[in-house]
Amino acid sequence: MEIIIKPRAPFDFAATARFLRYTEAEAVDTFTNGIYRRAIYVGNQLSLLKVESRGTPSRPLLAVTVDGKRGATRMTIVEMKSAETLARRIFSVDHDLKKFRAQVASDSLMSKLEALHRGLRVARWPQLFEALVNSILLQQISTTGAWTMKRRFVEKFGEILRAEDEIFYAFPRAENLARVAESDLRAIGLTGAKAVSIIQLARRVHEGELDENELQDEENESLIARLIQSRGIGRWTAEWALMLYFGRADVFPAGDLVLRGFVVKYYNNGSPMTESEIRALASERWNKWASYAAIYLVAGMRARTI
């Protein structure tokens, strides 16, 4: 069964899919021959989600299919709807980037980045636990190093799906990580602090203390306050989770050193700024689209256009 999704235009499917696969060390999200694939849980069944473009950036159309394990029964309508919801979340298909373009029209740098990367969406992880763990892995090391560590983590603790003559790794589930020992995580190279943080986070998620459905409607500051109660999750991690799981478009991670450097260089003549000053600037300049300003600054850095 194939599901058709019509994202809001403009929508650059390939650029968004590549954003999820920043390095070849990425172990969960794959993008080859124009097809995005990853192992997902639909209910308790591990399946292969496939998304490909059938349209253009100005007239986008996505085709979504889900293949279960060999021999599994066909998916129900409810299960397919669940898969569609995941695909819509991952690619932020409902964000209206025409409004972002209008917001940055008078901003010389951001309007340039918007034109160069038009249609790039905030690419999101489908589960809150995954978004938070990825942010913990990124703390205090390079992106390349973090994604190498993520591959070890996923290959050690994630379930394997064999499909289309390939092996796909599902991101480890919270209920499984809640039972592992700290030494098991340290054995793959994680620091003791990160190992403890991930285990405690897994327990909070598994026990229902961090219910992503319950948190969905909370205001940004209230949601950040809830998230930072977990060990190893500070405001920086929480703000990225608001963007990369909850899909909030009005968040700017002011504590991010890379983003801070760009803001200081391009918007404050190189003079240092506090986090609160950067948040105020982001709110004034980019308003409800501050998250996209952050993503497009990262995109400009990766493309070496800034």
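A charge is taken to sit over a ring if NZ of Lys or CZ of Arg is within 6 Å of the ring centre and within 35 degrees of the ring normal. The model toured here is predicted.

**Stop 1: charges over rings.** Select Arg173 and Tyr41: Arg173 lies over the face of Tyr41, at 3.7 Å from the ring centre. Then select Arg302 together with Phe19, where Arg302 is placed over the ring face at 4.2 Å from the centre.

**Stop 2: the aromatic pairs.** A search of the whole structure returns 18 aromatic pairs. Display Phe13 and Phe31, whose ring centres are 5.7 Å apart; their planes stand at 75 degrees, so the pair is edge-to-face. The cut-off behind that assignment is an angle over 60 degrees. Colour by secondary structure next: Phe13 belongs to helix α1 (residues 13–20) and Phe31 to strand β2 (residues 30–32), so the pair ties together parts that are 18 residues apart in sequence. Phe13 is buried, at a relative accessible area of 6%, and Phe31 is buried as well, at 17%. Extend the selection to Phe11, Tyr36 and Phe91, which ring pairs link with Phe13 and Phe31 into a cluster.

**Stop 3: helix α9.** Select residues 192–206, which form helix α9. How far apart are the end C-alpha atoms of α9? They are 21 Å apart, which agrees with the 21 Å that the 15 residues should span at 1.5 Å a residue. Show the side chains of the buried residues of α9, among them Val196, Ile198, Ile199 and Leu201. Lys194 and Arg204 also appear among the buried residues of this helix. Which helices do the buried residues of α9 pack against? The partners to select are α5 (128–138), α6 (143–157), α7 (174–177), α8 (182–186) and α11 (220–227). Just after α9, centre on Gly208, which takes a positive phi of about 85 degrees.

**Stop 4: the whole protein.** Zoom out to the full set of 15 helices and 7 strands. The radius of gyration is 19 Å, close to the 19 Å given by the globule rule for 306 residues, so the protein is as compact as a globular protein of that length. Along the principal axes, the C-alpha atoms fill a box of roughly 60 × 45 × 35 Å. Buried residues account for 53% of the 306 residues. Of the contacts between residues at least 6 apart in sequence, 65% join residues at least 24 apart. Finally, switch on the surface: the protein exposes about 14200 Å², of which carbon and sulfur atoms supply 47%.

Methods:
Residues are numbered from 1 along each chain as its sequence is written. This is a predicted model: local features need pLDDT of at least 70, side-chain atom pairs count only at pLDDT 80 or more; totals for chains, interfaces and linings use all residues. Side-chain values use heavy atoms; hydrogens and water are left out. Rings of Phe, Tyr and Trp (its six-membered ring) pair if their centres lie within 6.5 Å; planes under 30 degrees apart count as stacked, over 60 as edge-to-face and the rest as tilted. Helices (H or I, at least four residues) and strands (E, at least two) are DSSP runs, numbered from the N terminus. Buried means under 20% relative accessible area, exposed over 50%, partly exposed in between (1.4 Å probe, protein chains only). The expected span of a helix is 1.5 Å times one less than its number of residues. Contact means heavy atoms within 4.5 Å. The radius of gyration is taken over C-alpha atoms; the globule rule is 2.2 Å times the number of residues to the power 0.38. Accessible areas come from the Shrake-Rupley method with a 1.4 Å probe; for residues, only the protein chains shown count as cover.
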